[in-house]
Amino acid sequence: MGLCLSRKAVKKKPTKRISSQSAVTPGGGGGGVGSSSRWTRVRSAKKEESVIHEQALAAAILFQQHQHLTGGALPFDRSASLRYPAPSSNKQPPLPRSSSSRARSLTDPLLPAHQLVNQDVRLDDLETNHFVLVHGGGFGAWCWYKTIALLERAGFKVTAIDLMGSGIHSFDTNGITSLSQYVKPLTDFLGKLAEGEKVILVGHDFGGTCISYAMELFPCRVSKAIYIAATMLTTDQSTLDMFSQEPASNDLMQQAQKFLYANGNTNPPTAIDLDKSLLRDLLFHRSPAKDVALASVSMRPIPFAPVLEKLSLSDKNHGSVRRFYIETLEDNAIPITVQERMVNKRPPERVFCLKGADHSPFFSKPQALHKLLVEISKIPPP
């Protein structure tokens with residue numbers, strides 16, 4: 001988010017000036033008892049004002065030093081982010097690739113906010129500092145605007161993709177007939193990367209299916225894959241298959257879905273639209289009103305054919321990419337039970353959680369999400 005700590009001006013208290021007449025007694029000379037008593041009070045008041053002024057200046061200097069050291073770091077939202085505990089040594093021991101590990105909370109209220117947000121990232125030490133963000137069904141690159149700003153501010157390179165018929169991409173969603181067509185903007189981008197260049201793929205919602213598809217095609221171009229409340233499928237499984245395993249688990253989703261039949265009602269649906277009146281409850285119930293308003297005028301229908309398509313994933317390609325999952329605990333679109341089932345079926349390298357996050361943590365918990373993305377980027381190879 002674009003909030004920064006604001007520098008408060010230190011107002012200098014006006015010096016209280018005492019005239020010579022005010023220091024004497026009504027009787028005349030300045031050497032009497034009344035005069036001595038008044039001068040004592042004046043000197044005491046001046047000394048107190050001087051101390052207060054010095055303390056204010058010291059506070060201002062400390063604040064300026066904090067701004068210089070932290071770059072005006074964003075205040076950290078302590079209610080949301082969980083992370084793996086930092087080991088005693090600088091190198092973090094890798095977990096077995098075959099297992100998943102729960103993140104333990106380190107939201108210590110005594111820990112300075114700038115330590116949680118900045119995390120002393122040394123970009124030159126990372127395998128890659130390039131994030132590629134892939135939106136979910138109905139969304140577009142626009143949904144990542146807070147994440148883009150935070151990552152770029154931390155020095156990362158960020159690319160947000162508009163998939164076919166999404167965001168500002170002009171193609172008609174109803175005309176998309178395959179997953180490869182829908183994902184083409186992403187695969188085209190990966191195919192044009194320089195030899196040896198790698199990126200961190202981040203997929204949200206249906207974007208999880210899309211990055212899995214891309215990982216199978218370009219495993220050598222992907223350093224890590226991060227699934228955020230996303231569909232993380234196994235081979236020979238479609239997104240529809242995954243949701244069909246618990247058909248009664250999400251009544252709200254079923255109420256919100258509206259099928260579109262661009263080829264006529266006698267043919268299969270061409271796209272799925274979402275009822276605008278239910279968007280907040282389904283996707284954004286913990287997000288700011290301005291972001292809900294942005295989504296309500298920006299979201300587009302979801303192409304139906306890619307949702308039906310089964311993935312073909314191999315251990316050699318897709319299985320060679322390190323996977324991480326970020327769970328959203330207050331999710332009404334992909335409930336935590338569904339997320340847990342996907343994680344348990346094919347465990348990623350690590351699992352992180354976002355407390356208090358709805359289905360769209362880039363809106364509801366942007367700083368906590370940013371922190372986890374940076375944290376994952378720092379995890380060294382096993």
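The following exercises, each with a worked solution, concern side-chain pairs in a predicted model.

**Exercise 1.** Classify the aromatic pair formed by Phe-284 and Phe-363, and state which parts of the chain the pair ties together.

*Solution.*
Step 1. A pair of aromatic rings is described by the distance of the centres and the angle of the planes.
Step 2. For Phe-284 and Phe-363 the centres are 5.9 Å apart and the planes make an angle of 45 degrees. Ring centres must lie within 6.5 Å to pair, and planes under 30 degrees apart count as stacked, over 60 as edge-to-face and the rest as tilted, so this pair is tilted.
Step 3. Phe-284 sits in the loop between α8 (279-283) and α9 (289-298), while Phe-363 belongs to helix α12 (residues 361-364), so the pair ties together parts 79 residues apart in sequence.
Step 4. Phe-284 has a relative accessible area of 0% and is buried; Phe-363, at 1%, also counts as buried.
Step 5. Ring pairs link both residues into a cluster with Phe-139, Trp-142, Trp-144, Tyr-145 and Phe-362.

**Exercise 2.** Compare the salt bridge of Lys-146 and Asp-291 with that of Asp-188 and Lys-184 in distance, position and burial.

*Solution.*
Step 1. The closest N and O atoms are 2.6 Å apart in the bridge of Lys-146 and Asp-291. In the bridge of Asp-188 and Lys-184 they are 2.7 Å apart.
Step 2. Lys-146 lies in helix α3 (residues 145-153) and Asp-291 in helix α9, so their bridge ties together parts that are 145 residues apart in sequence. Asp-188 and Lys-184 both lie in helix α4 (residues 179-191); they are four residues apart, which means a separation of about one helical turn.
Step 3. Lys-146 and Asp-291 are both buried. Asp-188 is partly exposed at 31% relative accessibility, and Lys-184 is partly exposed at 40%.

**Exercise 3.** Explain why Glu-216 has no salt bridge, and find a polar contact of its side chain.

*Solution.*
Step 1. Glu-216 lies in helix α5 (residues 207-217) and is buried.
Step 2. The nearest side chain of opposite charge is Arg-346, 7.6 Å away. A salt bridge needs the atoms within 4 Å, so Glu-216 has none.
Step 3. Arg-346 does form a salt bridge with Asp-315, with the closest N and O atoms 3.5 Å apart. Asp-315 is exposed, at 62% relative accessibility.
Step 4. The side chain of Glu-216 makes a polar contact of 3.3 Å with that of Asn-317. Residues touched by Glu-216 include Ser-312, Leu-313 and His-318.

Technical notes
Residues numbered from 1 in each chain as written. Predicted model: local features only at pLDDT ≥ 70, side-chain atom pairs only at ≥ 80, totals over all residues. Heavy atoms only, no water. Phe/Tyr/Trp six-rings, centres within 6.5 Å; stacked < 30°, edge-to-face > 60°. Helix = DSSP H or I, 4+ residues; strand = E, 2+ residues; numbered from the N terminus. Buried < 20%, exposed > 50% of the residue type's maximum accessible area, 1.4 Å probe, protein only. Lys, Arg positive; Asp, Glu negative; His and termini not counted. Polar contact = N/O pair within 3.5 Å; in protein donor to acceptor, adjacent residues only side chain to side chain. Contact = heavy atoms within 4.5 Å. Lists of a residue's contacts leave out its neighbours within four places in sequence.
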